[in-house]
Amino acid sequence: MTVRVLIVDDHAQFRAGLRALLATADEVEVCGEAASGEEALTALARHQPDVVLLDLAMPGMGGIAATQRILETNPHVRVLVLSMADDDDSVFAALRAGARGYVLKGARRVEIIRAIRVVADGEAIFGPAIATRLMGYFANVDREPPAATIPGLTQREHEILALVAQHLTNPQIAARLGLSQKTVRNHVSNIFAKLQVADRAQAIDLAREAGL
């Protein structure tokens, strides 16, 4: 199956080079380009890509905000970050926004193409440099205390409530956990009923009080 790719980067020359690179790959088709997050949202509706290959540093709506907006309206689309930024803040912000992969600009052709195919298949992938940073980060993080719990909630409901507390939408939660949006809606309704709250804001307050 051909993977349709939308390239989002504010540098026209870089987009042209990336398009030429991907033209050499079997089963990968560049269906469109955009120079900003705003243009990406418009192009998304027009081209219906499978994967959005996206830079973080762009004028106007940056890559993090664009990732969130893309997944709010198109949770089936996979976002793969291709960026110069390799700092922890950028990497984790992209992952929290819902990106399924993170590769540095300057990566080899085979790495970029492999990353596109992997995220198109629904998996997550990181370039070697990013993977090394992640391993180093988690190796230095102190062990977390036992997860806080709220009596009456199932393990899955705790998991979903924690994501609600991170201000993820139902489509984003569904994409993160591999569930249908209907299933997530049902879980959220059950959580509200068990917590006796009327909306997400009240649920978030209780989740934070409980330490989730």
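UniProt positions are given in the numbering used here, and the annotations may be inferred rather than shown by experiment. With that in mind, the unreviewed UniProt entry places a "domain: Response regulatory" annotation on residues 4–120. The model itself is predicted. Across residues 4–120 it comes out as 48% helix and 22% strand, and the C-alpha atoms at the two ends of the span sit 9 Å apart.

A good place to start is Asp55, which the same kind of record singles out: the unreviewed UniProt entry carries the annotation "modified residue: 4-aspartylphosphate" at Asp55. This aspartate falls in the loop that runs from β3 (51–54) to α3 (63–73). Asp55 has a relative accessible area of 4%, so it counts as buried, the cut-off being under 20%. Once neighbours within four places in sequence are set aside, the contacts of Asp55 are Val8, Asp9, Asp10, Gly63, Leu82, Ser83, Met84 and Lys105. Several of these partners turn up again below.

Take Asp9, for instance. Asp9 belongs to the loop between β1 (3–8) and α1 (12–23), and with a relative accessibility of 1% it is buried as well. Its side chain makes a polar contact with the side chain of Lys105, at 2.7 Å. Leaving out residues up to four places away in sequence, Asp9 touches Phe14, Arg15, Ala34, Ala35, Asp55, Met58 and Lys105. Lys105 has a further partner here, as its charged end sits over the ring of Phe14, 4.3 Å from the ring centre. Ring-on-ring pairing is another story: the structure has zero aromatic pairs.

Ser83 is another contact of Asp55. Ser83 is found in strand β4 and is buried, at 2% relative accessibility. Apart from residues up to four places away in sequence, Ser83 is in touch with Asp55, Leu56, Tyr102, Val103, Leu104 and Lys105. A polar atom of the Ser83 side chain also lies 3.0 Å from the backbone nitrogen of Ala85.

Ala85 gets attention from Tyr102 too, whose side chain reaches the backbone oxygen of Ala85 at 2.7 Å. Tyr102 lies in strand β5, and with a relative accessible area of 0% it is buried. Beyond residues up to four places away in sequence, the contacts of Tyr102 are Leu56, Leu80, Val81, Ser83, Ala85, Ser90, Val91, Ala94, Ile125, Phe126, Gly127 and Ile130. For a sense of spacing, Tyr102 and Asp88 are 14 residues apart in sequence, while their C-alpha atoms are 12 Å apart in space.

Tyr102 also leads into the hydrophobic side of things. In soluble globular proteins, nonpolar side chains tend to be buried together. Here the largest nonpolar core holds 26 residues, and the members that touch the most other members are Val8, Val52, Leu54, Ile70, Val79, Val81 and Tyr102. At least two residues of this core come from each of β1, α2 (37–47), β3, α3, β4 (78–83), α4 (88–97), β5 (101–104) and α6 (128–139). Helix α2 gives the largest share, four residues. There is also a second, separate core of 21 residues, with Val5, Val103, Ile112 and Val118 among them.

Helix α2 deserves a closer look. Its buried residues are Gly37, Ala40, Leu41, Ala43, Leu44 and His47. Together, the buried residues of α2 pack against β1, β2 (28–34), β3 and α3.

What follows α2 is a bit unusual in its backbone. Most residues other than glycine have a negative phi. Gln48, which comes right after α2, has a positive phi near 50 degrees despite not being a glycine. Gln48 sits in the loop between α2 and β3 and is partly exposed, at 44% relative accessibility. His167 is a further non-glycine case, with a positive phi of about 70 degrees. This histidine is in the loop between α7 (155–165) and α8 (170–177). His167 has a relative accessibility of 54%, so it counts as exposed, the cut-off being over 50%.

Definitions and conventions. Residues numbered from 1 in each chain as written. Predicted model: local features only at pLDDT ≥ 70, side-chain atom pairs only at ≥ 80, totals over all residues. Heavy atoms only, no water. Buried < 20%, exposed > 50% of the residue type's maximum accessible area, 1.4 Å probe, protein only. Contact = heavy atoms within 4.5 Å. Phe/Tyr/Trp six-rings, centres within 6.5 Å; stacked < 30°, edge-to-face > 60°. Lys NZ or Arg CZ within 6 Å of the ring centre and 35° of its normal. Polar contact = N/O pair within 3.5 Å; in protein donor to acceptor, adjacent residues only side chain to side chain. Core = buried A, V, L, I, M, F, W, Y, C linked by side-chain atoms within 4.5 Å.
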